[in-house]
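Colleague: Could you take a close look at the salt bridges in this one for me? I'd like to hear which side chains pair up and how exposed they are.

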Amino acid sequence: MSNIQQNIEHISSLIHRAQQKCGRAPDSVQLLAVSKTKPLQDILAAAKAGQTAFGENYVQEGVDKIQKVREIAPELTLQWHFIGPIQSNKTKPIAESFDWVHSIERAKIAQRLNEQRPVEKGPLQVLIQVNTSGESSKSGTTEHEVFQLAELISSLPNLTLRGLMSIPANVSDYQSQLNAFKQLALLQGKLSQRFEQIDTLSMGMSGDMEAAIEAGSTMVRIGTAIFGARHYNKQ
Ligand SMILES: *Cc1c(COP(=O)(O)O)cnc(C)c1O
């Protein structure tokens, strides 16, 4: 068994244990494998271990990988999630190639993705990225802008609003992690009273997955714990 397969099994058991510990249903948390900067072979190794959902942060890298996987392994049906910052001149390849987008934070991006989504592919599944920490250096819409953006997205035929995503401040103590995640979960609860189709809370990474699950995450985005440390300069 490859390291990547072992890591996926390990993470899956940690997710299972975290769900059990706080009394959540089995399979209520989906694992998104974040493969940014990692080579194609790593994605294929993860797919061999049964992993189907992959997250990418950089548009060109992601689009290239999606195309190559289709050529090399057409039998695989993988789901591709765009989770990185979005510049408005890069929305077209995202709309054309990805299945999900986690990082919508302003109206213009939502409108462009809607216009550029090929109708035959069906609606793009989208999340609004929220800046729960209030740090101006972090991306994400503010909490009070979320409802406005959600109203807009709901009116766009080629986007389906599925929920919220956040990248909280990087802290190591469990209680602070939990508090930040609970804040997003609370907001999601309010939003889902207005928008019934909402079912996805994308939060938790390699270093804070357990707290995210306790707070109600339905999708954890795991890179390092599956694929190892990233070496940006070597890519
Ligand atoms: C890189 C990245 C991840 C994965 O982070 P790890 O700490 O490697 O698990 C998750 N979400 C986003 C938005 C990322 O950019």
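**Salt bridges, pair by pair**

Modeller: Sure. Let's start with a pair away from solvent: Lys65 and Glu56 are both buried. Keep in mind that this is a predicted model. The two side chains form a salt bridge, with 2.9 Å between the closest N and O atoms. They also have company, since Glu61 joins Glu56 and Lys65 in a network of salt bridges. Overall, the structure holds 5 salt bridges, so here are two others, going by the 4 Å limit between nitrogen and carboxyl oxygen.

One sits within a helix. Lys92 and Glu96 make a salt bridge at 3.0 Å, N to O. Both belong to helix 4, which covers residues 91-97, and they are 4 residues apart, or about one turn of the helix. Buried or exposed? Neither label fits Lys92: its relative accessible area is 43%, so it counts as partly exposed, the class between under 20% and over 50%. Glu96 is partly exposed too, at 34% relative accessibility.

The other pair is Asp199 with Arg162, again a salt bridge, at 2.9 Å from N to O. Asp199 is in the loop between helix 7 (174-194) and strand 7 (200-202), while Arg162 is in strand 6 (residues 159-165), so this contact ties together parts that lie 37 residues apart in sequence. As for solvent, Asp199 has 40% relative accessibility and therefore counts as partly exposed.

Technical notes. Residues are numbered from 1 along each chain as its sequence is written. This is a predicted model: local features need pLDDT of at least 70, side-chain atom pairs count only at pLDDT 80 or more; totals for chains, interfaces and linings use all residues. Side-chain values use heavy atoms; hydrogens and water are left out. Buried means under 20% relative accessible area, exposed over 50%, partly exposed in between (1.4 Å probe, protein chains only). Helices (H or I, at least four residues) and strands (E, at least two) are DSSP runs, numbered from the N terminus.
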